Amino acid sequence: MGSGRSKTVLIVDDDEAVADVYASQLSETYEVHTAYDGRSALDKLTDTIDIVLLDRRMHGLSGRQVLEEIRERDITCGVVMVTAVDPGFDIVDMGFDDYLLKPVERDELEAVVAETIDRLDHQEAAREYLSLASKVATLRVEKNPAELDASDEYDELVTRLQELRQRDDIDEAEIDSPLDH
């Protein structure tokens, strides 16, 4: 999920009219794709998809089966179940980010998509922060101070790490930064 591009939503519902209404409601803000069954959804699923709005009860592959396949593929998109199925305790082991009961109003749909994207962006920033922190720590162990001072790449790495550290959505209490050492 690159923050420099428009976010992409895949809407999966075997009721084509419902999928098309959701697509229409979200298309002004997001790049939107639709799939009218689980198999088509899996065919369209790539790492460019940021959010999947997924009907739970569909002909062929169920929403649960599609969700399981998404997680097995290790795709980091958000998944929002949008369904008429009242949740039971079976949802405890399902790897979705949110659950909406149909009918869903436009405002609610837009809010949930935006919140899910915000959470995913936070996770992406935290992952980037940890990755950069690991690189800084490794270089500090392996290189002498003169080598570090002479490296533009190292300077850029430290600058990006400092920028991420300033973000409000990264909890510094959970992260041990090499900048502190």
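Q: Among contacts in the chain between residues at least 6 apart in sequence, what percentage join residues at least 24 apart?
A: A friendly word on the ground rules: this is a predicted model, where local features need pLDDT of at least 70 and side-chain atom pairs count only at pLDDT 80 or more, while totals for chains, interfaces and linings use all residues. Residues are numbered from 1 along each chain as its sequence is written, and side-chain values use heavy atoms, with hydrogens and water left out. A contact means heavy atoms within 4.5 Å. For contacts between residues at least 6 apart in sequence, the share that joins residues at least 24 apart is 58%.

Q: What pattern does the chain follow when read along the sequence?
A: Helices (H or I, at least four residues) and strands (E, at least two) are DSSP runs, numbered from the N terminus. The chain has six helices and five strands. Along the sequence, they give the pattern β-α-β-α-β-α-β-β-α-α-α.

Q: Which strands stand at the edges of the open sheet?
A: Strands count as paired if DSSP finds at least two bridges between them. The five strands of the open sheet pair in parallel, in the order 2-1-3-4-5. Each edge strand has a single partner, so one of its sides is left without a neighbour in the sheet. The edges are strand 2 (31-35) and strand 5 (98-101).

Q: Which residue in strand 3 does Val 9 stand opposite?
A: Strand 1 is joined to strand 2 by five bridges, in parallel, and there Thr 8 faces Glu 31. Strand 1 also pairs with strand 3 in the parallel sense, over four bridges. In strand 3, the residue opposite Val 9 is Ile 51.

Q: In strand 4, which residue is the bridge partner of Leu 54?
A: Strand 3 and strand 4 are another parallel pair, with four bridges. Ile 51 and Leu 53 point one way from strand 3 and Val 52 and Leu 54 the other, all of them buried (under 20% relative accessible area, with exposed meaning over 50% and partly exposed in between, for a 1.4 Å probe and protein chains only). Across in strand 4, the partner of Leu 54 is Met 81.

Q: Which element gives the most to the largest nonpolar core?
A: A nonpolar core is a set of buried Ala, Val, Leu, Ile, Met, Phe, Trp, Tyr and Cys residues joined through side-chain atoms within 4.5 Å. The largest one has 22 residues, of which Val 52, Leu 54 and Val 79 touch the most other members. Strand 1 (8-12), helix 2 (38-44), strand 3 (51-54), helix 3 (63-72) and strand 4 (78-83) each supply at least two residues of this core. With three residues, the top contributor is helix 3.

Q: How many residues does the other core have?
A: In soluble globular proteins, nonpolar side chains tend to be buried together. Apart from the largest core lies another, which includes Ala 23, Tyr 30, Ile 51 and Leu 109. Its number of residues is 18.

Q: Is Asp 55 buried or exposed?
A: Asp 55 lies in the loop between strand 3 and helix 3. Leaving out residues up to four places away in sequence, Asp 55 touches Val 12, Asp 13, Asp 14, Gly 63, Val 82, Thr 83 and Lys 102. Because its relative accessibility is 5%, Asp 55 counts as buried.

Q: How far apart in space are Arg 57 and Thr 83, C-alpha to C-alpha?
A: Arg 57 is in the loop between strand 3 and helix 3, and its relative accessible area of 61% makes it exposed. Beyond neighbours within four places in sequence, Arg 57 is in contact with Asp 14, Thr 83 and Val 85. Arg 57 and Thr 83 are 26 residues apart in sequence, yet their C-alpha distance is 7.2 Å.

Q: Which residue in the loop between helix 3 and strand 4 is exposed at 63% relative accessibility?
A: The residue has a phi near 65°, a positive value in a residue other than glycine. At 63% relative accessibility, the exposed residue in this loop is Asp 74.

Q: What arc do the buried residues of helix 6 cover around the axis?
A: The buried residues of helix 6 (residues 152-165) are Tyr 154, Leu 157, Val 158, Leu 161, Leu 164 and Arg 165. On the other side of helix 6, Asp 152 and Glu 156 are exposed. An α-helix has 3.6 residues a turn, so residues three or four places apart point the same way. The buried residues lie on the same side of helix 6 because their arc (of the directions from the helix axis to the C-beta atoms) is only 125°.

Methods: The expected span of a helix is 1.5 Å times one less than its number of residues.
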